[in-house]
Amino acid sequence: MSADLQDEQTLLFRDIVIICIHYQLFPSSLSYVRRSDIRRRGMYRKLFCCFCRAPKPPIDEVVSWRQSLKKLQESKTGQLAFREFLRTEYSEENILFWLACEEYKTITTSNEIAIAAKRIYTEFVQVDAPRQAVSFITQFQINIDCGTRQEITNSMSQPTLSCFDKAQRLIYKLMKKDCYPRFLKSEIYQGLLEPSEAS
């Protein structure tokens, strides 16, 4: 395989990962996806069939995920693998919320902050938000204490870029202490450590 083709496959895989994650976070809008990049690689028609054939990440990258949850989260493919594991444990709301908060903190305009804050609140924080589709929004209530939840609720009238910080830290701590160690022992992770047929 040529270096150019391998690089293109890597870019393709990473873009598909980004699309899959962001579409789950913002299913009614693809505004967070770099549409020009998708069109430039001719991915609209081939998105899902290419995803099925996407190559495994390099073994050394997969091994590096053992270093820390932070190292795992720095990898787009790592994020996807971790999310798939959390899905099997019915706790994917943790990674979805964490990713939503990371994206939220990059917003620069007050209008976008208000819209995104409301969406994150509705999907992850609002009390009695069941895991179901409502008006094209999938709700996944995160497990945080009542005090933190109330603080976020109170901030929704004038949301700031830091209004989800405390909850995000709590969820990260939960994933680091509880979910991450189990992920490293999971079939999903162990499968990615196995050599590919082409190697």
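**Reasoning about Leu86 and its surroundings**

Me: Why is Leu86 called buried?

Reply: In this predicted model, Leu86 has a relative accessible area of 0%, and since buried means under 20%, the value falls below the cut-off and Leu86 is therefore counted as buried.

Me: Where is Leu86 found, and which residues is Leu86 in contact with, leaving aside its neighbours within four places in sequence?

Reply: Leu86 belongs to helix α6, and with those neighbours left aside its contacts are Ser91, Glu92, Ile95, Met175 and Cys179. Cys179 lies 93 residues away from Leu86 along the chain, yet the C-alpha atoms of the two are separated by 7.5 Å.

Me: What makes α6 and α10 roughly perpendicular to each other?

Reply: The axes of helix α6, residues 76–88, and helix α10, residues 165–184, cross at roughly 95 degrees and come within 10 Å. Angles of 65 to 115 degrees count as roughly perpendicular, and the crossing angle falls inside that range, so the two helices are described as roughly perpendicular to each other.

Me: Which residues meet where α6 packs against α10, and how do they divide into nonpolar, polar and charged?

Reply: From α6 come Ala81, Phe82, Phe85 and Leu86, which meet Met175, Cys179, Tyr180, Arg182 and Phe183 of α10. The residues of this contact divide into 8 nonpolar, no polar and 1 charged; Arg counts as charged, so Arg182 is the charged residue in that contact.

Me: How do α6 and α7 pack, and which residues meet there?

Reply: The axes of α6 and α7 cross at roughly 145 degrees and come within 8 Å. Gln79, Phe82, Arg83 and Leu86 of α6 meet Ile95, Leu96, Trp98 and Leu99 of α7, and this set divides into 6 nonpolar, 1 polar and 1 charged.

Me: Is Arg83 buried or exposed, and how do you know?

Reply: Arg83, which is found in helix α6, has a relative accessible area of 3%, and because the limit for buried is under 20%, Arg83 is counted as buried.

Me: What joins the side chains of Arg83 and Glu92, and what makes the name fit?

Reply: The side chains of Arg83 and Glu92 are joined by a polar contact of 3.0 Å. A polar contact needs a pair of N or O atoms within 3.5 Å, and the distance of 3.0 Å lies inside that limit.

Me: How do you know that Tyr90 is exposed?

Reply: Tyr90 has a relative accessible area of 66%, and exposed means over 50%, so Tyr90 is placed in that class. Its place is in the loop between α6 and α7, the latter covering residues 93–104.

Me: What is the phi of Tyr90?

Reply: Phi of Tyr90 is near 55 degrees, which is a positive value in a residue other than glycine. By contrast, most residues other than glycine have a negative phi.

Me: Why does Ser68 count as partly exposed?

Reply: Ser68 stands at 27% relative accessibility, and because buried means under 20% and exposed means over 50%, a value between those limits is called partly exposed. Ser68 sits in the loop between α4, residues 59–64, and α5, residues 69–73, and although Tyr180 is 112 residues away along the chain, the C-alpha atoms of Ser68 and Tyr180 are separated by 8.5 Å.

Me: What makes Val127 exposed, and which residues does Val127 touch, not counting residues up to four places away in sequence?

Reply: The relative accessible area of Val127 is 51%, and the class exposed begins over 50%, so Val127 is counted as exposed. Val127 is found in the loop between α8, residues 110–125, and β1, residues 133–134, and beyond the excluded places it touches Gln141 and Arg149. Between the C-alpha atoms of Val127 and Gln141 there are 7.4 Å, with 14 residues separating the pair in sequence.

Me: How do α9 and α10 pack, and which residues meet?

Reply: Helix α9, residues 146–155, packs with α10 at an angle of about 145 degrees, their axes being 9 Å apart, and α9 passes α10 in a left-handed crossing. Thr148, Glu151 and Ile152 of α9 meet Lys166, Ala167 and Leu170 of α10, a contact whose residues divide into 3 nonpolar, 1 polar and 2 charged.

Me: How many helices and strands are there in the protein, and how many of its residues count as buried?

Reply: The protein has 11 helices and 2 strands, and of its 199 residues 42% count as buried.

Definitions and conventions: Residues numbered from 1 in each chain as written. Predicted model: local features only at pLDDT ≥ 70, side-chain atom pairs only at ≥ 80, totals over all residues. Heavy atoms only, no water. Axes fitted to C-alpha atoms, helices over the stretch in contact; angles between N-to-C directions. Helix = DSSP H or I, 4+ residues; strand = E, 2+ residues; numbered from the N terminus. Parallel < 35°, antiparallel > 145°, perpendicular 65-115°, else oblique. Contact = heavy atoms within 4.5 Å. Left-handed = near helix turned anticlockwise from the far one by under 90°. Buried < 20%, exposed > 50% of the residue type's maximum accessible area, 1.4 Å probe, protein only. Polar contact = N/O pair within 3.5 Å; in protein donor to acceptor, adjacent residues only side chain to side chain.
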